[in-house]
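Okay, thanks for coming, everyone. I'd like to walk you through one ligand site today, so let me put the structure up.

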Amino acid sequence: MIQGLLAFLRNAWRGLTTMRTALILLALLALGALPGALLPQRQLDKARVEKYITDHGWWGQLLDRLQFYDVYSSVWFSAVYFLLFVSLVGCLAPRTAEYLRQVRAKPVITPRNLSRLPHHDRATVDRDVDEVIAAARSALRGWRIAESTEDNGARTVSAERGYLRETGNLVFHFALLGLVVAFAIGKLYSYSGQVAVVATGTQFCNSGLLSYDSFTPGLRVDGTDLDPFCVRVNGFRASYLPTGEADTFDADMDYQSGGDLSTGTWRHYDLRVNEPLRTVGDRVYLIGHGYAPEFTVIFPDGQQRSSTVQWPPADPTTLLSAGTTTFDPPNTTDPAELRKHQLAITGLLAPTAVYDGTLLSSAFPAAFDPAVAVDVYRGDLGNNSGLSHSLLTIDQSMVDQGRLVKQARQNLKPGEEIKLDDGTRIRFDKVEQFVQLQISHDPTQVFVLVFAVLMLVGLAGSLTIKRRRLWIRAAPADAEAAGERTVVEVGGLARTDQAGYGEEFTKLATHLLAVTSADRRGT
Amino acid sequence: MLVNATLAHYSDWFYASAVVVYVLAMAFYLVEQGMTKTRRQRERELVAVGGGDPALADQVPGEPTEEPPARGRDRADRIGRMGMALNVLGVLLHAAAVLLRGLAVGRVPWGNMYEYDSAVCLVALVTWLVLVRKFDVRRLSAFVLLPVVVLLFLGGTMLYSTASPLQPALQSYWLVIHVSAAITATGLLLVAGVASLLYLARAGNERDPRRLARFASRLPAADVLDRLAYRVTVLAFPLFTFGVICGAIWAESAWGRFWGWDPKETCAFVAWVCYAAYLHARATAGWRGNRAAMVNVVAFAVMVFNLFFINLVTVGFHSYAGVA
Ligand code: HEM
């Protein structure tokens, strides 16, 4: 029973570490990765996955059950990945042992019959055996050589070269292992988060999950000890071509991290696309931008409140944007009372306004002639927050229940205002810009890079270096005619499937044999 | 950066001329290939001349030059050389088109799919011209020109985009490094893919002479084609690896992560694994030969798929195709 199990395990191990299994696993890996490129993936876009599932009925749901929308964390993809990993280890261990043996081994002794080899040449020369061997030794500089003397007085040199091929190959495969491990560890400890920051000197501090609009933690990240740092966005400039295509983006920023936090020092950084801020352990990226309208509400009792929150772009080419800004009435502590008088300003913002009748749209992404088209609602916003904050849209169910009621609909230019029936005035002051920042943290990415570079180096060695052997046998000629003292034979063999040894062999052989040109009888 | 419309216009003109010249060159090559004797004819001739073991003749890489200089051979050779002259002319026009496009927009000429496609084809043909000097495969040029002409035609019609500057996301020196590596590797791999396809035809014919008798028996010996495919792939694979690594480095500084299974990244990974499988297959008993060649063809199909399908159909970070 136990013996049977052992035999099974041994066979399974042998099977797993053969080259053919590796090939099949490679094919499966390729096949398994492909659906991730064809089907929407949760990791990239949750909304598209949901839409895909509803659009495709039972088929969409089946794919979901089979984890086709989370390919790279699916059980089946991980299984292939893992088996390949095991196969690689099982294949590398014996190869490394063999390699270490070979590193010290001498080139194999000269075969009896050199004319059987793929490369072969032969001549009788006017030199004695020792001279030929000495010439061979100097011609074969850089080769590993071994000499010996045979029974009949012939002397031979065995030479081998290209050991670096196997070195490169092992470096490649080990680096591949290292890369996979570093990648996997990175998945555990990395995080990334996004946040919109209005570019009017607003600060963002990496203090916890709540400071982010969205946050994607690795499996071992709970958001409690993020690397502390703060950024302050002072301004943002975008330039556009006449066609409306973006040309450059540039966020004017200050940041503090590490020791600067305790001394309160701010350092300046111009944040651009492709040029992230790299600070202690984290990177800050500029990944988007848009407009934030500033509204001021003057309540009937004369109190004022202003708010500037981002309205994300709805159309990336004209930056027509959509959003909602909300206000709580001042001096109201009773939640029931509060819920009757919350305000929501919701609608569209156009940086360069054009109208179709009264319908607002945008002609250009720069803020040449900004305007908003808004609906104002009053009542219960359906959230418990007492803060004014940004929502994309209002809670439609509150509207349907009649708890949130539309008060006005109007187009506004900067400085214009809406007056509600209770005397509340809502003024559209101006537009500011906001930047969308991404904060990324990945402690192992440097290791991944190092392994990737090692892979490349190993690969180059493994694919360009030829492992090849050369043998020379010099024997005294039978009947010593004038100028014919030694019979020299050269044979060569490329040990790897690499064409192109022929030229090098011919050059070497010609050099070794052309000591004199007497009686040349090569093949 | 403003666009120089005159240069852009000349670039388009050179592009169109190059395609026309390629088509002409292809015609000449096809005539040459058609005049090349089939194996049966060659064997008969050799027997008639009274020499040579026909089986051996097939293993000599430079076989056609081993043939007795017959008059038909001379004519085929002349036609082939005319094809080659046209081919070189086409490459010069094509290179001028790429160069002028770069000058017109004041940046590297591979910022959108049209430009990328054109550059890949140029690399493939330059590679081919180099190979023709080393291997006796000139009369096969039509089979390399065919996919190139198709790609250029699609590029000039379906993918065409007018000369314009780069969007901010692409303004990085990594564009120069990453994309040029990808272009060179893809161009080389196109040639390897064609060689493997021809290998499959020829090897099938060698096993059973009735298979594709008229077409495949005129091709060079299977092992020549195999070596050709392997040598080119061995050159292209590290380059491709380098391109993917550069892409990851760029992604890290542009998108905040070096690898995110974006469709384009995924597809490049799949192609990379396929090429690794090809190299393994070449080193595995029972897989070298036909199966390895098939893997190579599949791998190239993945590359083409990556270029067209992923750029045009799926949504991802790499949506820079610039195709309206
Ligand atoms: C993700 C998995 C793997 C990848 C991407 C990979 C990639 C490569 C590459 C690119 C080469 C160079 C080919 C050449 O030298 O011609 C190579 C060679 C080799 N690999 Fe792998 N490999 C993988 C897994 C394995 C496994 C699991 C084994 C063992 C079962 C293996 C055994 C070998 C051997 C023996 C060679 C040398 C072949 C030769 O000398 O041509 N590999 N591999």
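Quick bit of vocabulary before we start: when I say a residue is near a molecule, I mean that one of its heavy atoms lies within 4 Å of it. With that in hand, the ligand here lies between chains A and B. And keep in mind this is a predicted model.

So who's around it? The shell has 25 residues, and the closest are A:Ser87, A:Cys91, A:Phe172, A:His173 and B:His280. By character, that shell splits into 16 nonpolar, 7 polar and 2 charged residues.

Now, the metal. Which protein atoms are donors to the iron atom of the ligand? They're NE2 of A:His173 and NE2 of B:His280, sitting 1.9 to 2.0 Å from the iron. That pair crosses between chains: A:His173 comes from helix H8 of chain A, residues 163–189, and B:His280 from helix H11 of chain B, residues 263–282. The iron site has 6 donor atoms, with angles of 83 to 177° among them, and comes out as octahedral.

Is A:His173 buried or exposed? Its relative accessibility is 9%, and the cut-off for buried is under 20%, so A:His173 counts as buried.

On to the polar side chains. A ligand oxygen is 3.4 Å from a side-chain N or O atom of A:Arg165, and a ligand oxygen is 3.2 Å from one in A:Ser462. For B:His280, a side-chain N or O atom is 2.6 Å from a ligand nitrogen. Elements giving two or more residues to the shell include helix H6 (75–104) and helix H12 (445–464) of chain A, plus helix H10 (222–255) of chain B.

Key
Residues are numbered from 1 along each chain as its sequence is written. Chains are lettered from A and ligands numbered from 1 in the order in which they are written. This is a predicted model: local features need pLDDT of at least 70, side-chain atom pairs count only at pLDDT 80 or more; totals for chains, interfaces and linings use all residues. Side-chain values use heavy atoms; hydrogens and water are left out. Donors are N, O and S atoms within 2.8 Å of the metal (3.2 Å for Na, K and Ca); water is not among the atoms, so sites may look incomplete. Four donors count as tetrahedral if all angles lie between 85 and 135 degrees; four count as square planar and six as octahedral if opposite donors are over 155 degrees apart and all others between 65 and 115; anything else is irregular. Helices (H or I, at least four residues) and strands (E, at least two) are DSSP runs, numbered from the N terminus. Buried means under 20% relative accessible area, exposed over 50%, partly exposed in between (1.4 Å probe, protein chains only). A polar contact is a pair of N or O atoms within 3.5 Å; within protein, one must be able to donate a hydrogen and the other to accept it, and residues adjacent in sequence count only if both atoms are side-chain atoms. Ala, Val, Leu, Ile, Met, Phe, Trp, Tyr, Cys and Pro count as nonpolar, Asp, Glu, Lys and Arg as charged, and the others, Gly among them, as polar.
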